[in-house]
Amino acid sequence: MEVVPVIGAGLAGSEAALQIASAGFDVVLHEMRPVVPTAAHETDHCAELVCSNSLGSSLADRAGGVLQAELRALNCQLLPIAESNSVPAGAALAVDRLLFGQAVTEVIEKHPRIELVRGELPAIPEGNCIVASGPLTSEALAADIQRLTGADHLAFFDAIAPVVVADSLNLEVIFAAARWGNGDPDYLNIPLNKEEYEAFLDQLLAADKHELKDFEAADPRAKQFFERCLPVEVLAARGRESLRFGPMRPVGLDDPRTGRWPWAVIQMRRENTAGTVYNLVGFQTNLKYAPQQELLRSLPGMAGAEFVRLGSMHRNTFLNSPRVLNSTLEFRQRPGLFFAGQITGMEGYLGNIGSGLLAGLNMVQRLRGEEPATPPRETLLGALTHHVAESPSKDFQPMKAEFGLLPPLVPPVKKPVRRQAYASRSAAEMAAFGHNLGLVPASPASPEDHANNL
Ligand SMILES: Cc1cc2nc3c(=O)[nH]c(=O)nc-3n(C[C@H](O)[C@H](O)[C@H](O)COP(=O)(O)OP(=O)(O)OC[C@H]3O[C@@H](n4cnc5c(N)ncnc54)[C@H](O)[C@@H]3O)c2cc1C
């Protein structure tokens, strides 16, 4: 019988391997640690959480809680292990990171259909395969992925600009316009007068910033990258007019409230085809999250802004997925080759588990001679897969599961009950999707239960 290779025993690769194995197929799971270490992992555990130990909110009407429910409906394998190794964390699902990693490793090592092979896989093998090598993919494998996808379609650093939910903006102040009135008014513009611009600059320059991590600063590509993608605060420090003549250039943009050009503008461009979220153009930043949020909410029309993502810059290997993947996470030009995890442009622990789950399910579909499936876009997992497969490919940036990615509710639902309505819609859609694939929802279980059930 064919043995399916999965590269990387992180969150995505471990989930994918368990999905394939529990469907009755054999898997060889390649993990380079501890033979080849990464700059962030500290153990040789499968599914090691490298930073925070929280998998996000468990509340039924929060994005984290909704995604958890979706994964459970698809018989997620890692979620019950997380639950049985959880630590008290209020309304969040947080785990004892060491116990969680140990438990996942044990389940994988004991599984009769999974062979865990320690060592770097430097190239993608022929035939069926799942690549889940994460944000710190080894150099050799990254070079092979570049050979497959084209060098322009694999990035090594993130320069993330903040992304905001469209219906949290005050559109009586922020205006849609095309520069010089040429073309469609696709951009939203935050207008600043002279005083507002000066106050914004003072606050920006004084705000607390993250320093580059040692391993990022040591990477020879980092310097080149940061020169090309200057954080907005670095540009601002080069002179008080540099933003006004750079990303905040107001020329040709008539503010309908005054009939004149503002002193400066911040432009926002659609982040997804549905137009539910917008990114702040040219506003990649290393500001810490709290001062960043405070600064952005002090801008005209932004007092109620809800952010899907705040700006940051860090080491991250990820594909230009809209160019190369479809929403089943399959490589467009090679059926049977799937990508999963952070390398696809999904963020967040749970989202990455979800992407491994989907890639695993779809590998099983291929092994059974069936077509891979796409989760409904009304679910957060579906919204994430659509984000990575269908976003505009220019300046594609990773994203985590947020309600802002979901298509609007029809008919519209008022804010106080909107989250609950998203949750109910997602539950119905995901239950039907799982049912069509013949899945039985997961329930909380201990690792011992897991091992006994194999
Ligand atoms: C420093 C840092 C901090 C982070 N903090 C957070 C956080 O707090 N919250 C959050 O949600 N996300 C965080 N992330 C993102 C986090 O990495 C992902 O959410 C999640 O771990 C990604 O899962 P993954 O399976 O895609 O990758 P990983 O969990 O990194 O797993 C990929 C695995 O592939 C292995 N591998 C790589 N190349 C090869 C190869 N050639 N052959 C064999 N094995 C290979 C690696 O050793 C690794 O075990 C952080 C990332 C970094 C780098």
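## Packing around helix α2

In this predicted model, α2 passes α12 in a left-handed crossing, and the axes of α2 and helix α12 (residues 349-367) lie 10 Å apart at an angle of about 20°. Because angles under 35 degrees count as roughly parallel, this value makes α2 roughly parallel to α12.

A second partner of helix α2 (residues 63-73) is helix α14 (residues 415-436): the two axes come within 10 Å and cross at roughly 10°, which means that α2 is also roughly parallel to α14. The hand of this contact is the other one, since the crossing of α2 and α14 is right-handed, whereas that of α2 and α12 is left-handed.

## The second largest pocket

The second largest pocket holds about 740 Å³ of space and has a lining of 30 residues, among which F225, R228, C229, D395 and Q397 lie nearest the pocket centre. By class, this lining divides into 13 nonpolar, 8 polar and 9 charged residues.

Four elements, namely β8 (154-160), α8 (220-228), β13 (277-280) and β15 (312-319), each contribute at least two residues to the lining of this pocket, and the largest share, 6 residues, is supplied by β8. The pocket lining also draws on both domain 1 (3-160 + 315-453) and domain 2 (163-310), with at least three residues coming from each. Of the residues nearest the pocket centre, F225 and R228 fall within the bounds of α8 (220-228).

## The enclosed cavity

When the whole structure is searched for cavities of 30 Å³ or more, 1 is found, and the space in this largest cavity amounts to about 50 Å³. The residues that line the cavity are P162, F200, L204, V232, F283, T285, L287, Q292, L295 and L296.

Two helices, α6 (194-206) and α10 (289-297), each provide at least two residues of the cavity lining, and α10 gives the most, with 3 residues. In its composition the lining of the largest cavity has 8 nonpolar and 2 polar residues and no charged ones, whereas the lining of the second largest pocket includes 9 charged residues. T285 and Q292 are among the residues that line the cavity, and they are its polar members, because residues outside the nonpolar and charged groups count as polar.

Methods
Residues numbered from 1 in each chain as written. Predicted model: local features only at pLDDT ≥ 70, side-chain atom pairs only at ≥ 80, totals over all residues. Heavy atoms only, no water. 1 Å grid on protein atoms, 1.4 Å probe; cavity = no way out; pocket = protein on both sides within 12 Å on 5 of 7 lines; lining within 4 Å. Points joined across faces, edges and corners; volume = space filled by probe spheres on them. Domains from an automatic or database assignment. Axes fitted to C-alpha atoms, helices over the stretch in contact; angles between N-to-C directions. Parallel < 35°, antiparallel > 145°, perpendicular 65-115°, else oblique. Left-handed = near helix turned anticlockwise from the far one by under 90°.
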